[in-house]
Amino acid sequence: MCAVRADWSMDHDRGVDRLRRSYDSVPPGQTVRLAKRTSNLFRPRATPLTPGLDVTGLGGVLAVDPVARTADVQGMCTYENLVEATLSYGLMPLVVPQLRTITLGGAVTGLGIESTSFRHGLPHESVREMDVLTGSGEIVTARPEGDHADLFAAFPNSLGSLGYATRLRIDLQPVRRFVALRNVRFTGLTELVEAIGEITGTRSWEGVEVDAIDGVMFSPGEAYLVLGTFTDRVRSVSDYTGQAIYYRSLRERTHDTLRTHDYLWRWDTDWFWCSAAFGVQHPVLRRLWPTRWRRSDVYHRLVRLEHRHRVFARLDRIRGRQQRERVVQDVEVPLENTAEFLRWFARTVGMSPVWLCPLRLREPSGPGSARAWPLYPLRPGRGYVNVGFWGSVPIAPGAADGAVNRAVEEAVAQAGGHKSLYSDAYYDRESFDRLYGGAAWRAVRDRYDPQHRLTGLYEKAVARR
């Protein structure tokens, strides 16, 4: 039986109507963009000169089919709302990015990853079809095959440069009420990488099935893999929304259990470990800081305010402190090169902790059936590890703009990897086109946005427009 809001079709049509009217109101020659209340981007952007597209009414779950295990979801729906709707049926999206306010449309056009990605790949790989408002103002339904298969393939990692998804039909997976966790410590990176390879290949560790895997490197000599198994049988359950801080538990416990809902948002409460920058991990301030404000979107708003007003940067200059470079990145490194990349990172950049999330493109119909995606060309059948690091480092005297970020880009390229584009990027256009499918992107853009009304991918990712 398909669970559907009785009025969803009419409401959705009204939302799409508002979107199209707002598109029509943008003067010819002016850039078209969305008007979103929240964003998980980390690159500053130029101030827009025209109003954004009205996405009011495009933020909900339209239908959940528990038999087919699919959901029809509007493009601006956050994963927080999507998960709330699907868990009531004992289902969840195949991959749930770790921050609550990431939208489904944003994860598909801008990529996302989480601990089930070693089984299910990236969020866009669970999409069966999607309705896309293109740069020409048309709405087309794109599927893996058919008239708009080129748009379907190029949409992931296009960052809104090829259009905006208004509705997506996605696959869901069954889930149990709890997640049992094993925090496995490694004192060597070679052993860590070997374990990831074994778990990715067998989907088990020491005879126990593994449904989810991620990890944290505190140093090359201290790293942890967190192995999750869905279960209905538990003795006790932990809660990391109060005084306890999740990432610290990896060092304190070998076993743990969370409610599935809490597991999905375990990183959101403290924005992984980045809440420390706001003092929220101090026991006294933590008691005073309202629980409803312990969320990634609250911290992100504070960061955006700092980007705009530069209050702390000015104070640092007044105090004579060394200026700092923001290094906020997620990169995919081939599994066989991960240990060496992590050693390079610890030696050269020195930020800690670092998040680790194994990844392999989805194989929906069995081994060998995974497809490639031209704008983020990971190799089907190959194992990768997402390495996430978020913070800042001192700027060396005389260093070029973005020196550390540029070094990361070069190291990732040498390792045969790819870098997500939600944050600062410094590629020249030729390198960017080679790494991010420039020829494929231009062919699709010219078909669906012949007047080039949407901001180009390079202009968004590197030129910060």
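Select Phe-272 and Trp-355 in this predicted model. Both side chains belong to buried residues: Phe-272 is buried, and Trp-355 is too. How far apart are the ring centres of Phe-272 and Trp-355, and at what angle do their planes lie? The centres are 5.2 Å apart and the planes stand at 65°, so the pair is edge-to-face; the cut-off for that class is over 60 degrees. Now colour by position along the chain. Phe-272 sits in the loop between helix 8 and helix 9 (283-288). Trp-355 belongs to strand 15 (residues 354-359). The two are 83 residues apart, and the pair links distant parts of the chain.

Widen the selection to the cluster. Tyr-240, Tyr-246, Tyr-247, Trp-267, Phe-272, Trp-273, Trp-355 and Trp-390 form one aromatic cluster. Over the whole structure, a search finds 24 aromatic pairs.

Next, show the charges over rings. Arg-251 lies over the face of Phe-218, 3.8 Å from the ring centre. Arg-266 does likewise over Tyr-263, at 3.9 Å from the ring centre.

Switch to cartoon and find the open sheet. In what order do its eight strands run? The order is 13-8-12-11-15-16-14-17, with antiparallel pairing. Go to the edges: strand 13 (255-259) and strand 17 (418-419) each pair on one side only.

Walk through the pairings.

- Strand 8 (residues 178-186) and strand 12 (residues 222-231) are antiparallel and share nine bridges. Select Phe-178: its bridge partner in strand 12 is Thr-231.
- Strand 15 and strand 16 are also antiparallel, with five bridges. Here Leu-356 has Val-387 of strand 16 as its bridge partner.
- Strand 14 and strand 16 run antiparallel and are joined by eleven bridges. Val-328 stands opposite Trp-390 in strand 16, and Trp-390 is one of the cluster residues already selected.

Stay on strand 16. Why is it described as largely enclosed by the rest of the structure? Eight of its eleven residues are buried, so the description follows.

Now add the helices that lie across these strands. Helix 6 (residues 189-202) crosses strand 8, strand 11 (212-219), strand 12, strand 15 and strand 16 (384-394). Its direction is at about 20° to strand 12. Helix 13 (residues 403-414) lies across strand 14 (324-334), strand 16 and strand 17. It runs at about 10° to strand 14.

Move to helix 2 (residues 79-87). Which of its residues are buried? Select Tyr-79, Leu-82, Val-83 and Thr-86. Look down the axis of helix 2: these buried residues fall within an arc of 95°, so they line one face of the helix. An α-helix has 3.6 residues a turn, so residues three or four places apart point the same way. Then display what the buried residues of helix 2 pack against: strand 2 (61-65), strand 3 (70-74), strand 4 (91-93), helix 3 (104-110), strand 7 (164-174) and helix 8 (260-264).

Last stop: Asn-157, in the loop between helix 5 (149-154) and strand 7. Is Asn-157 buried or exposed? Its relative accessibility is 0%, so Asn-157 counts as buried. Select its contacts, leaving aside neighbours within four places in sequence. They are Val-108, Thr-109, Gly-110, Leu-111, Leu-375, Tyr-376, Leu-421, Tyr-436 and Leu-457. Finish with a distance label between the C-alpha atoms of Asn-157 and Val-108: they are separated by 7.3 Å, with the residues 49 apart along the chain.

Notes: Residues are numbered from 1 along each chain as its sequence is written. This is a predicted model: local features need pLDDT of at least 70, side-chain atom pairs count only at pLDDT 80 or more; totals for chains, interfaces and linings use all residues. Side-chain values use heavy atoms; hydrogens and water are left out. Buried means under 20% relative accessible area, exposed over 50%, partly exposed in between (1.4 Å probe, protein chains only). Helices (H or I, at least four residues) and strands (E, at least two) are DSSP runs, numbered from the N terminus. The arc is that of the directions from the helix axis to the C-beta atoms. Contact means heavy atoms within 4.5 Å. Rings of Phe, Tyr and Trp (its six-membered ring) pair if their centres lie within 6.5 Å; planes under 30 degrees apart count as stacked, over 60 as edge-to-face and the rest as tilted. A charge sits over a ring if NZ of Lys or CZ of Arg is within 6 Å of the ring centre and within 35 degrees of the ring normal. Two strands pair if DSSP finds at least two bridges between them. Axes are lines fitted to C-alpha atoms, for helices over the stretch in contact, and angles run from 0 to 180 degrees between N-to-C directions.
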